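Let us walk through this structure by way of its charged pairs, its helices and its nonpolar core.

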Amino acid sequence: MQAVGYSSFLRISALVTALVLVFDSGILMPVTSQLSDTTILYVASIGVGASASVPESEINALSAQIAERQRVLDAKEAELNEREIATRSFSVSGTTENLSTYVLSTILFILTVLIVLNYAMDWARVRSYRYERQVG
């Protein structure tokens, strides 16, 4: 009984991975590949920020200077984040290759190998069971 559940889980996983791979690679519609790339960049650049205002005082003047320095540091950090995102992409002959497509392809290959092994082991088990029934 567990083998049937495992087989169906492998088939469903392979199907879902194949569909996500087709979506991510943009084979059917190039817009889906751009959507996937944009989503990855968006998720990589999400940050949290907050602000507040208070009445003028001497302490506020010092705080304003510190805030200005913080804005400069934030700008440098944003530039550094953009460079980091750019270095994570693979570049082959001037075109950007999509890492997620390679990862999904690898997962789909592994699932396909597991499905083939599952069917081969089931076939061997049924064959040995039939052989034992004929002999015994």
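In this predicted model, E79 is partly exposed, because its relative accessibility of 43% falls between the 20% below which a residue counts as buried and the 50% above which it counts as exposed. The side chain of E79 forms a salt bridge with R83, and the closest N and O atoms of the two are 2.8 Å apart. Both E79 and R83 belong to helix α3, where they are separated by 4 residues, about one turn of the helix. Residues three or four places apart point the same way, because an α-helix has 3.6 residues a turn. Side chains of opposite charge can pair when their charged atoms come close.

A second pair in helix α3, which covers residues 58-88, consists of R71 and E68, placed 3 residues apart, again about one turn of the helix. The closest N and O atoms of this salt bridge are 3.1 Å apart, and E68, with a relative accessible area of 41%, is partly exposed. Helix α4, residues 99-135, holds a further pair, R125 and D122, which are likewise 3 residues apart, and their side chains meet in a salt bridge with an N to O distance of 3.8 Å. A search of the whole structure gives 3 salt bridges.

How does the span of α4 agree with its number of residues? At 1.5 Å a residue, the 37 residues of α4 should span 54 Å, and the end C-alpha atoms are indeed 54 Å apart, so the expected and computed values agree. The buried residues of this helix are S100, T101, L104, L108, L111, I115 and N118.

Several of these residues return in the largest nonpolar core, whose 7 residues are L10, A14, L21, L104, L108, L111 and I115. The elements that contribute two or more residues to this core are α1 and α4, and α4 gives the most, with 4 residues.

Individual contacts can be followed from here, leaving aside in each case the neighbours within four places in sequence. L10, a member of the core, is in contact with L111, L114, I115 and N118. T17 lies in helix α1, residues 2-25, and is in contact with L104, I107, L108 and L111. Is T17 buried or exposed? T17 is buried, because its relative accessible area of 11% is under the 20% cut-off.

Key:
Residues numbered from 1 in each chain as written. Predicted model: local features only at pLDDT ≥ 70, side-chain atom pairs only at ≥ 80, totals over all residues. Heavy atoms only, no water. Salt bridge = Lys/Arg side-chain N within 4 Å of Asp/Glu carboxyl O. Buried < 20%, exposed > 50% of the residue type's maximum accessible area, 1.4 Å probe, protein only. Contact = heavy atoms within 4.5 Å. Expected span 1.5 Å × (residues − 1). Core = buried A, V, L, I, M, F, W, Y, C linked by side-chain atoms within 4.5 Å.
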